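Reader: I would like a close look at one part of this model. Please take me through it step by step.

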Amino acid sequence: VIFLCFMIPLPFRLQTALSGEIRTIATVFSTYVLQTAGLPAVAEGHVIIIEDTRIGVVEACSGLGMTISFAALSAAVAIVAP
């Protein structure tokens, strides 16, 4: 029954706050990986600039859904494991 708590959506304020932070981390990490690969990438907010191309990190790419899914899967394994 406790596992059903994962069905309840996060409050809007919490979702917005977490989403912004995760997008920032994703932008910085992606820029680092691109620079390591030898591409001239620069991060401006949630936009990655590679030469003349601008790539935006949108809210859907924040990883918040995957984080919640991972937490649910971890809880399920903890419940089932002896």
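Is Ser-19 buried or exposed? Please start there and work outwards.

Author: Ser-19 is buried, with a relative accessible area of 7%. Keep in mind that this is a predicted model. The cut-off for buried is under 20% relative accessible area.

Ser-19 sits in helix H1. That helix covers residues 12-36. Its length can be checked. At 1.5 Å a residue, the 25 residues of H1 should span 36 Å. The end C-alpha atoms of H1 are 36 Å apart, so the two figures agree.

Now the buried side of the helix. Ser-19, Arg-23, Thr-27 and Thr-31 are the buried residues of H1. Part of their cover comes from strands: E1 (41-44) and E2 are included in what covers them. Strand E2 runs over residues 47-50.

Thr-27 shows this cover in detail. Thr-27 also belongs to helix H1. Its relative accessibility is 1%, so Thr-27 counts as buried. Leaving aside residues up to four places away in sequence, Thr-27 touches Ala-43, Gly-45, His-46, Val-47, Ile-48 and Val-57.

Next, the way out of the helix. Gly-38 comes just after H1 and takes a positive phi of about 100°. A positive phi also turns up in a residue other than glycine: Glu-51 has phi near 55°. Glu-51 lies in the loop between strands E2 and E3. Its relative accessibility is 61%, so Glu-51 counts as exposed.

Strand E3 takes in residues 53-56, and Thr-53 is found there. Thr-53 has a relative accessible area of 44%, so this residue is partly exposed. From Thr-53, look across to Ile-68. These two are 15 residues apart along the chain, and their C-alpha atoms are separated by 32 Å.

Ile-68 brings us to the surface. A nonpolar patch there is formed by Phe-3, Phe-6, Leu-10, Leu-14, Leu-18, Ile-68, Ile-79 and Val-80. Together these residues have about 680 Å² of accessible area. Helix H1 supplies at least two residues of the patch, and so does helix H2 (64-80). The largest share, 3 residues, comes from H2. H1 thus has two sides to its account: buried residues such as Ser-19, and a contribution to the nonpolar patch.

Take Ile-79 as one of the patch members. Ile-79 is placed in helix H2. With a relative accessible area of 57%, Ile-79 is exposed.

Two other members are the phenylalanines, Phe-3 and Phe-6. Phe-3 is partly exposed, at a relative accessible area of 35%. Phe-6 is partly exposed as well, at 34% relative accessibility. What about their rings? The model has 1 aromatic pair by the ring-centre rule. The ring centres of Phe-3 and Phe-6 lie 5.5 Å apart, and their planes are at 55°, so this pair is tilted. The limits explain the label: planes under 30 degrees apart count as stacked, and those over 60 count as edge-to-face.

Back to the starting point. Ser-19 and Met-7 are 12 residues apart along the chain, with their C-alpha atoms separated by 18 Å.

To sum up: Ser-19 is buried at 7%. Thr-27 is buried too, at 1%. Strands E1 and E2 are part of the cover over the buried residues of H1. On the surface, H1 and H2 each give at least two residues to the nonpolar patch.

Terms used: Residues numbered from 1 in each chain as written. Predicted model: local features only at pLDDT ≥ 70, side-chain atom pairs only at ≥ 80, totals over all residues. Heavy atoms only, no water. Phe/Tyr/Trp six-rings, centres within 6.5 Å; stacked < 30°, edge-to-face > 60°. Buried < 20%, exposed > 50% of the residue type's maximum accessible area, 1.4 Å probe, protein only. Helix = DSSP H or I, 4+ residues; strand = E, 2+ residues; numbered from the N terminus. Patch = residues over 30% accessible without salt bridge, like charges linked within 9 Å, V, L, I, M, F, W, Y side chains within 5 Å. Areas by Shrake-Rupley, 256 points an atom, 1.4 Å probe, with all protein chains shown as cover. Salt bridge = Lys/Arg side-chain N within 4 Å of Asp/Glu carboxyl O. Expected span 1.5 Å × (residues − 1). Contact = heavy atoms within 4.5 Å.
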